[in-house]
Protein chains: 2
Amino acid sequence: MDKTEEQKVKDEQYMRKALVEAEAARAVGEVPVGAVVVCKDRIIARAHNLTETLCDVTAHAEMQVITAAANTLGGKYLSDCTLYVTVEPCVMCAGALGWAQLKRIVYGASDGKRGFQHFAPQALHPKSTVTAGVLEDECRTLMQQFFQKRR
Amino acid sequence: MDKTEEQKVKDEQYMRKALVEAEAARAVGEVPVGAVVVCKDRIIARAHNLTETLCDVTAHAEMQVITAAANTLGGKYLSDCTLYVTVEPCVMCAGALGWAQLKRIVYGASDGKRGFQHFAPQALHPKSTVTAGVLEDECRTLMQQFFQKRR
């Protein structure tokens with residue numbers, strides 16, 4: 001297996017963990033978004049959306065996982081870390097990822113209505129790299145099913 | 001005193017409270033940004049930047065004050081509230097203000113390097129109104145003095 005292929009397998013592996021988090025959100029009636037932060041091939045933080053439960057619009061999966069990862073590392077910069085998140089980060093979360101200087105951001109489904117790529121394309125740290133579309137169908141289906149049920 | 005003049009006096013009064021918070025941040029070595037949330041002519045939440053103290057890039061004054069205000073009101077939407085903050089919100093904070101649907105955002109000093117007006121101009125809720133430049137000199141001086149000392 002070459003390096004690119006190896007990375008692809010790892011990305012899917014970690015995205016599955018983010019999907020487990022998203023499922024946990026869905027199970028409690030939250031918009032199903034999950035995230036994990038990986039540092040040196042180890043998951044150092046996991047979180048899922050809790051905006052309803054905590055009655056707090058800032059409780060997106062990414063915000064919580066950044067805070068948790070910084071606590072684990074004992075430093076607020078995550079420049080050796082990769083974030084895996086099931087849905088494209090919103091403007092708020094992308095701004096936070098920028099401040100935290102994540103090395104790499106990997107997401108599943110795109111979000112044309114709220115995603116940072118359209119609304120804040122410079123939000124991330126200039127050195128951050130982005131990979132989109134990992135397990136995209138599964139991530140998107142989870143969201144679509146959630147919103148269909150609510151209508 | 002006509003309504004516009006009355007609003008101006010009130011805005012400066014509340015911005016002074018945000019400046020007290022910014023001073024509290026400065027006193028503990030934090031970037032001096034402070035914020036208050038006002039609902040029906042009453043301050044319902046106050047906060048200042050605590051990113052160093054909490055080792056958390058998400059601990060901006062605005063993020064904390066949104067969470068605190070939602071706790072006070074028992075609801076996550078702040079559509080009857082005005083946020084006063086000493087410095088123009090960054091992309092992250094503007095995104096959060098958008099989710100929280102604040103009625104009005106009032107800030108002191110502009111931030112050309114990180115401010116949302118340039119980097120995420122559509123981040124706020126479409127119904128939010130913005131007033132910039134309230135006690136601008138005092139808000140800016142506090143920031144400039146802080147960064148001059150650090151150099």
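Where in chain A does His60(A) lie? In this predicted model, His60(A) sits in the loop between helix H2 (51-54) and helix H3 (61-73) of chain A. With a relative accessibility of 14%, His60(A) falls under the 20% cut-off and therefore counts as buried. Beyond its neighbours within four places in sequence, His60(A) is in contact with Asn49(A), Thr51(A), Cys90(A), Met92(A) and Cys93(A). Its contacts also include Trp99(B), a residue of chain B.

His60(A) carries an annotation. An unreviewed UniProt entry places the feature "binding site" at His60(A), Cys90(A) and Cys93(A). These residues are spread over 34 residues of sequence, yet they cluster in space. The largest C-alpha distance among them is 9.3 Å. Of the annotated residues, His60(A) and Cys90(A) are included in the lining of the largest pocket.

Cys90(A) occupies another loop, between strand S3 (81-87) and helix H4 (91-100) of chain A. Its relative accessible area is 6%, so Cys90(A) is buried. Outside the four-place sequence window, Cys90(A) is in contact with His60(A), Glu62(A), Arg114(A), Gly115(A) and Phe116(A). Trp99(B) is again among the contacts: it touches Cys90(A) and also His60(A).

The record also covers a longer span. The unreviewed UniProt entry places "domain: CMP/dCMP-type deaminase" at residues 9-119 of chain A. This span is 45% helix and 23% strand. Its end C-alpha atoms lie 30 Å apart.

Helix H1 (residues 3-27) of chain A has 25 residues. From first C-alpha to last it reaches 36 Å, close to the expected 36 Å at 1.5 Å a residue. The buried residues of H1(A) are Asp11(A), Tyr14(A), Met15(A), Ala18(A), Leu19(A), Glu21(A), Ala22(A) and Ala25(A). Their cover includes strand S1 (34-39), strand S2 (42-48), S3 and strand S4 (104-109) of chain A. Helix H6 (136-150) of chain A is also included in that cover. Just after H1(A), Gly29(A) takes a positive phi of about 80 degrees.

In chain B, helix H5 (residues 136-150) has 15 residues. It reaches 22 Å between its first and last C-alpha, close to the 21 Å expected at 1.5 Å a residue. Cys139(B), Leu142(B), Met143(B) and Phe146(B) are the buried residues of H5(B). They cover an arc of only 90 degrees around the axis, which puts them on the same side of H5(B). That buried side packs against helix H1 (3-27), strand S3 (81-87) and strand S4 (104-109) of chain B. The face turned away from the buried side carries the exposed residues Asp137(B), Gln148(B) and Lys149(B).

How are the two chains related? A turn of 180 degrees, with a shift of 0.0 Å along the axis, lays chain B on chain A with an RMSD of 0.0 Å. The two copies are thus related as by a two-fold rotation axis. Met92(B) comes closest to this axis among the residues of chain B, with its C-alpha at 1.9 Å. Of the interface residues of chain B, 100% are also interface residues in chain A, so the copies meet through the same surface.

Definitions and conventions: Residues numbered from 1 in each chain as written. Chains lettered and ligands numbered in written order. Predicted model: local features only at pLDDT ≥ 70, side-chain atom pairs only at ≥ 80, totals over all residues. Heavy atoms only, no water. Helix = DSSP H or I, 4+ residues; strand = E, 2+ residues; numbered from the N terminus. Expected span 1.5 Å × (residues − 1). Buried < 20%, exposed > 50% of the residue type's maximum accessible area, 1.4 Å probe, protein only. Arc of directions from axis to C-beta. Contact = heavy atoms within 4.5 Å. UniProt positions renumbered as here; feature names shortened; annotations may be inferred. 1 Å grid on protein atoms, 1.4 Å probe; cavity = no way out; pocket = protein on both sides within 12 Å on 5 of 7 lines; lining within 4 Å. Least-squares fit on C-alpha atoms with pLDDT ≥ 70 in both.
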